[in-house]
Amino acid sequence: MGKFFITTPVYYVNDVPHLGHAYTTIAADTLSRYRRLLGDEVFFLTGTDEHGSKILQAARQKNISPQKLADEMTARFKNLWEKLSISYSDFIRTTDQKHIKVVQNVFSRLHEKGDIYKGKYSGWYCVPCESFWLESQLKDKKFCPECKRETVKLEEDSYFFSLSKYQKPLLDYYNENPDFVLPSTRKNEVVEFVKRGLRDISVTRLNLEWGIPCPVDEQHSIYVWVDALINYISALGYSLEEERFFTFWPADVHLVGKDILKFHAIIWPALLMAIGIKLPGMVFAHGWWMIKGEKMSKSRKNVVEPEWIIDRFGSDYLRYFLLREVPFGEDGNFSPALFVKRVNSDLANDLGNLLNRTLTLVVKHFQAKVPRPGKINAQDDELKGKIDSLPDNLQNFMDRLSFSQAFDSIWEVVRGANLYLDRCAPWRLVKKGETERMGSVLYNVLEIIRILTVVLFPFIPRGAEKMWKQLGMEDILSEQKLKDAVKWGKLPFALEVKKPEPVFPRIKEEDFYEVERET
RNA sequence: GGCGGCGUAGCUCAGCUGGAAAGAGCACACGGCUCAUACCCGUGGAGUCCGGGGUUCGAAUCCCCGCGCCGCUACCA
């Protein structure tokens with residue numbers, strides 16, 4: 001039983017929450033819930049990144065203050081997390097006073113240490129957009145990629161972080177901690193990148209109104225990464241509440257999308273080395289969801305709105321699909337057909353129906369009371385054997401964030417239970433008058449379902465709660481601990497089960513399109 | 001261009017450091033069951049394991065060449 005600190009990125013509030021945000025956050029939530037199930041003290045951090053000229057501009061267009069805009073967007077994120085049953089411990093905003101203070105403290109420390117120095121930043125500046133671009137980003141080598149107008153080469157004062165100093169220490173760290181960056185193919189990319197040499201990075205901007213003031217030079221504001229990344233330690237009170245900070249730091253897992261991996265795997269550890277605190281245990285970069293093989297994007301108008309899906313099908317279906325369909329780390333394809341297929345065959349047909357058919361028999365033949373188990377035979381042992389190996393399997397897969405494989409191991413049990421029911425055929429036993437054996441069989445299946453429910457809770461919390469209630473369990477599901485829960489025989493006999501009602505109703509592809517047409 | 005990865009049943013993919021008759025899920029076909037959310041259970045399929053060469057007693061698994069895909073190659077979160 002230890003502590004477990006997991007984070008999502010702080011999401012940039014220039015965009016409404018989309019499937020990608022939901023994906024990262026669902027994964028983090030599932031991992032958090034799983035660690036709680038193991039008995040760990042979990043700190044699960046998410047939040048929003050609210051500074052920058054993009055936000056300022058968007059706010060101006062709407063004629064509201066940037067803070068107001070950020071407030072609105074943050075509310076949307078929180079609302080989505082509520083709908084998705086996201087059990088975060090803290091929601092950090094980069095506009096929080098605490099965060100601002102910590103960023104400034106960190107900046108000052110870096111400055112004192114000599115890891116930040118004043119230099120000249122030069123780039124291609126678009127006056128109307130008030131933003132700098134790299135030569136590689138320009139359209140036809142001189143036009144702004146956003147507004148297509150001509151840019152000018154501009155040089156201005158800026159403070160730099162000596163990232164280059166950390167090339168060697170970073171390479172050593174990757175070497176000594178092979179699981180620091182995962183999946184391994186991403187790690188290769190990062191290592192290769194660092195090997196080619198690192199340039200110092202500009203960490204302040206002049207004339208950036210909507211940003212954290214630089215503590216050593218009032219004309220400057222702190223630019224993106226030193227602001228955003230520090231959320232991971234500001235939320236814990238770094239430099240403010242040391243005791244609390246050291247309770248949870250270092251982070252065990254930083255979950256990120258593959259697009260921001262390098263910031264987390266290179267700049268972030270370098271910053272931490274510079275201020276002299278421990279490095280996180282793991283940075284895991286997951287993949288993207290594609291539509292018909294294409295990346296989702298607003299311009300392609302193929303964005304999947306997580307809220308539509310949740311409102312129509314419930315949060316569990318989305319959680320289940322995203323974590324089950326594709327190995328975490330790889331890109332996946334999202335389509336109504338795939339979604340419907342996955343959810344129907346696994347949740348409705350295999351799992352939901354297992355509960356349903358079992359409860360029906362108990363209600364019909366045992367007055368809805370959990371029967372008393374009798375003698376155990378070889379078939380029963382085989383069934384129980386499937387539970388014995390489950391915790392270890394889960395542990396192995398969850399340690400590697402292999403959600404899909406974790407599901408595989410759970411579904412082996414689900415299938416095993418359906419098979420056991422068919423083999424034992426209690427509906428035939430009742431005709432033969434073998435009620436005692438029938439009772440045993442049903443008890444065993446109910447017991448399997450009880451354990452499955454506990455194990456599934458981190459993944460599909462709402463459905464698991466419903467299953468728990470139908471079983472008639474009175475303990476609190478969220479307080480169950482895996483170690484105890486998997487012990488055989490914890491289901492009290494004579495417990496009154498509920499009349500079954502489909503927990504995971506089947507859905508149709510048409511339902512999906514109706515939703516999309518409406519909007 | 002450089003570095004890395006991938007190419008296995010109709011589809012999505014497991015097959016790690018070489019060795020039993022090449023696997024899973026889905027789809028499909030046939031059969032069983034009837035407790036159940038038209039569910040569940042069983043059986044089946046002629047797969048050049050991208051192509052070619054090599055190492056080996058033996059390769060999907062190692063080496064070389066070729067073909068076809070894909071990722072990374074920094075300051076946009």
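The following paragraphs describe the overall build, two sheets and the cavities of a predicted model.

Chain A contains 21 helices and 16 strands. Taken along the principal axes, its C-alpha atoms fill a box of roughly 90 × 50 × 40 Å. Of the 519 residues in chain A, 57% count as buried, that is, they have under 20% relative accessible area. The accessible surface of the chain comes to about 23400 Å², and carbon and sulfur atoms account for 48% of this area. Contacts in chain A were also sorted by separation in sequence: among those between residues at least 6 apart, 77% join residues at least 24 apart.

Strands of a sheet pair through backbone hydrogen bonds, in either a parallel or an antiparallel sense. Both senses occur in the two sheets described here, one parallel and one antiparallel. In the parallel case, six strands form an open sheet, and their order is 3-2-1-12-13-7. Strand 3 (90-93) and strand 7 (181-182) stand at its edges; each has a single partner strand, so one side of each is left without a neighbour in the sheet. Within this sheet, strand 12 (residues 253-257) is paired with strand 13 (residues 283-286) over four bridges, in the parallel sense. At one position of this pairing, Gly257 stands opposite His286 of strand 13.

The antiparallel sheet is also open and is formed by three strands in the order 9-11-10. Its edge strands are strand 9 (204-206) and strand 10 (212-213), each of which pairs on one side only. Strand 9 is joined to strand 11 (residues 220-222) by three bridges, and these two strands run antiparallel. Arg205 has Ser221 in strand 11 as its bridge partner.

Rolling a probe the size of a water molecule over the atoms shows where empty space is left. A search of the whole structure finds two cavities of 30 Å³ or more. The largest cavity has a volume of about 100 Å³. Its lining is made up of Gln379, Glu382, Leu383, Lys386, Gly416, Leu419, Tyr420, Arg423 and Cys424. Helix 14 (378-388) and helix 16 (403-424) are the elements that give two or more residues to this lining. The largest share, five residues, comes from helix 16. Sorted by class, the lining of the largest cavity has four nonpolar, two polar and three charged residues.

Note on methods. Residues numbered from 1 in each chain as written. Chains lettered and ligands numbered in written order. Predicted model: local features only at pLDDT ≥ 70, side-chain atom pairs only at ≥ 80, totals over all residues. Heavy atoms only, no water. Pairing = 2+ DSSP bridges. 1 Å grid on protein atoms, 1.4 Å probe; cavity = no way out; pocket = protein on both sides within 12 Å on 5 of 7 lines; lining within 4 Å. Points joined across faces, edges and corners; volume = space filled by probe spheres on them. Nonpolar A, V, L, I, M, F, W, Y, C, P; charged D, E, K, R; others polar. Buried < 20%, exposed > 50% of the residue type's maximum accessible area, 1.4 Å probe, protein only. Contact = heavy atoms within 4.5 Å. Areas by Shrake-Rupley, 256 points an atom, 1.4 Å probe, with all protein chains shown as cover.
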